[in-house]
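Visitor: I would like to see how the labels on a model are earned. Can you take me through them?

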Amino acid sequence: MSQLIHAVRGMNDILPDEAELWEQFEDATREWLRAYGYRPIRMPLVEPTPLFSRAIGEVTDIVEKEMYSFEDALNGEHLTLRPEGTASCVRAVLEHNLLYNAPQRLYYSGPMFRHERPQKGRYRQFHQIGVEALGFAGPDIDAEHMMMCQRLWDDLGLEGVALEINSLGSPEERGQHRAALIAYFEKHEALLDADAKRRLHSNPLRILDTKNPDMQELVEAAPRLDAFIGDASRAHFEGVQALLRDAGIPFRLNHRLVRGLDYYNLTVFEWVTDRLGAQGTICAGGRYDGLVGQLGGKPAPACGFAIGIERVLLLWQASGGQTERPAPDIYIVHQGEAAQRMAFRVAEALRGDGFPLTLHCGGGSFKSQMKKADGCGAQLALIIGDDEAQADEVTIKRLRTEDGQPGEQWRVAADTLSETIARTLYDLEDDDGSI
Ligand code: ATP
Ligand code: MG
């Protein structure tokens, strides 16, 4: 036998039990997005590499070391498996001129790729739902995004999630802060670790994000961005906070929240939990007013967020949100040639009437088929043998009884089957009370 081939490290198969949970989550999120007027958009998984270096920033973790980039062997194009969706979404919007005369509320969902060290809640292929609002300038849309998240967490019954927010100010204000940071860290260069030294002149803001315990004191005492925030930025941030307070959404100001992508300005936010260990951020986003211009479009304000689906699902399970396994209503068992032909006919007719059902395939005794019927979680078994086939009738057997006793079974004419099943499954009664 030849050797088994395994999936790429950090890229997971999602097997049926779990995939059913994913679908349940996807159903919930689709309704949730529609409730807020967001429309779907789907972009390719592969993009020209410069899209990401230009949008996310050359000196970011993602672009420096996490991207799956390769040269197209056929034409030499530099391509990258998308590490996030915002850049692609903005590219698509500009390419198709969607911002021409109206702002856009958009969402997408799908796999993202980052070459990171795989661990619980951190994978090399992971999935996000991304929500983007393009062409909106005011703090109202920032607040809408956070309110949306709160509603989704409530809908799912997630426990232990908290909102942290910060303002990154305008690019000018960040520039002044950046100069002050560089001066401060230069003064204390001996205390910097190798990573921080490397970032000192390229991206000093990211030093504030360090997880190195030896640098916490230094970082705590560094010049704070909020000291450089001007009136207009402050007013925007206060507008966001007022709307959050009105909506009764608790939040914590975290002046060290900077985000790992360069394109953010003004509001940034993260939803965090302490129940997932080190991978505690389940959703992150903020305003990115410069990105549209940076990607060659006529400048337009924008903001958005991305939900890490794997992490939300982990938390959903930890919060007791379990799926009921979706089962077919009906399992059809049959034996004999005529019975098989009839079983196929009956199955298609019932599917046409809207009943989800499984038709037994692969033969075997009635007993073994009935075991399968029971095991799949169906409510009813339909039994078709020679007898039934000859009489054009079907035996119906209830599989789930409250007291665990064998369920009743009875025979009906094939042409009344659909009606009988509807009554049996949905407990419908005739006007006179009979079934
Ligand atoms: P982290 O600090 O955890 O690396 P990030 O700031 O790089 O996160 P974003 O780019 O903001 O993450 O992505 C938004 C969300 O996507 C994150 O909050 C997280 O829930 C999820 N996410 C990011 N990277 C991964 C990954 N490698 N595996 C699983 N989920 C991820
Ligand atoms: Mg990351």
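Guide: A search of this whole predicted model finds 1 cavity of 30 Å³ or more.

Visitor: How do you know that the largest cavity passes the 30 Å³ mark?

Guide: The largest cavity holds about 60 Å³ of space. The search asks for 30 Å³ or more.

Visitor: Why is this called a cavity?

Guide: Because a 1.4 Å probe fits there but cannot get out.

Visitor: What makes up the lining of the largest cavity?

Guide: Among the lining residues are His 177, Leu 208, Glu 220, Pro 223 and Arg 256. The lining divides into 5 nonpolar, 2 polar and 3 charged residues.

Visitor: Now ligand 1. Which residues are closest to ligand 1?

Guide: Ligand 1 is surrounded by 16 residues, and the closest are Arg 114, Glu 116, Arg 122, Arg 259 and Thr 281.

Visitor: Why is the pair between Glu 116 and ligand 1 called a polar contact?

Guide: The cut-off is 3.5 Å between N or O atoms. A side-chain N or O atom of Glu 116 is 2.6 Å from a nitrogen atom of ligand 1. Therefore the pair counts as a polar contact.

Visitor: What part of Thr 281 lies 2.8 Å from an oxygen atom of ligand 1?

Guide: A backbone N or O atom of Thr 281. At 2.8 Å it is within 3.5 Å, so this pair is a polar contact too.

Visitor: How much of ligand 1 does the protein bury?

Guide: The protein buries 87% of the 580 Å² that ligand 1 exposes when taken alone.

Visitor: Which element gives the most to the shell around ligand 1?

Guide: β10, with 4 residues.

Technical notes
Residues are numbered from 1 along each chain as its sequence is written. Chains are lettered from A and ligands numbered from 1 in the order in which they are written. This is a predicted model: local features need pLDDT of at least 70, side-chain atom pairs count only at pLDDT 80 or more; totals for chains, interfaces and linings use all residues. Side-chain values use heavy atoms; hydrogens and water are left out. A residue is near a molecule or strand if one of its heavy atoms lies within 4 Å of it. A polar contact is a pair of N or O atoms within 3.5 Å; within protein, one must be able to donate a hydrogen and the other to accept it, and residues adjacent in sequence count only if both atoms are side-chain atoms. Accessible areas come from the Shrake-Rupley method with a 1.4 Å probe; for residues, only the protein chains shown count as cover. Helices (H or I, at least four residues) and strands (E, at least two) are DSSP runs, numbered from the N terminus. On a 1 Å grid over the protein atoms alone, a cavity is a set of points where a 1.4 Å probe fits but cannot get out, and a pocket is an open set with protein on both sides within 12 Å along at least five of seven lines; lining residues have an atom within 4 Å of a point. Grid points are joined across faces, edges and corners, and a volume is the space filled by probe spheres set on the points. Ala, Val, Leu, Ile, Met, Phe, Trp, Tyr, Cys and Pro count as nonpolar, Asp, Glu, Lys and Arg as charged, and the others, Gly among them, as polar.
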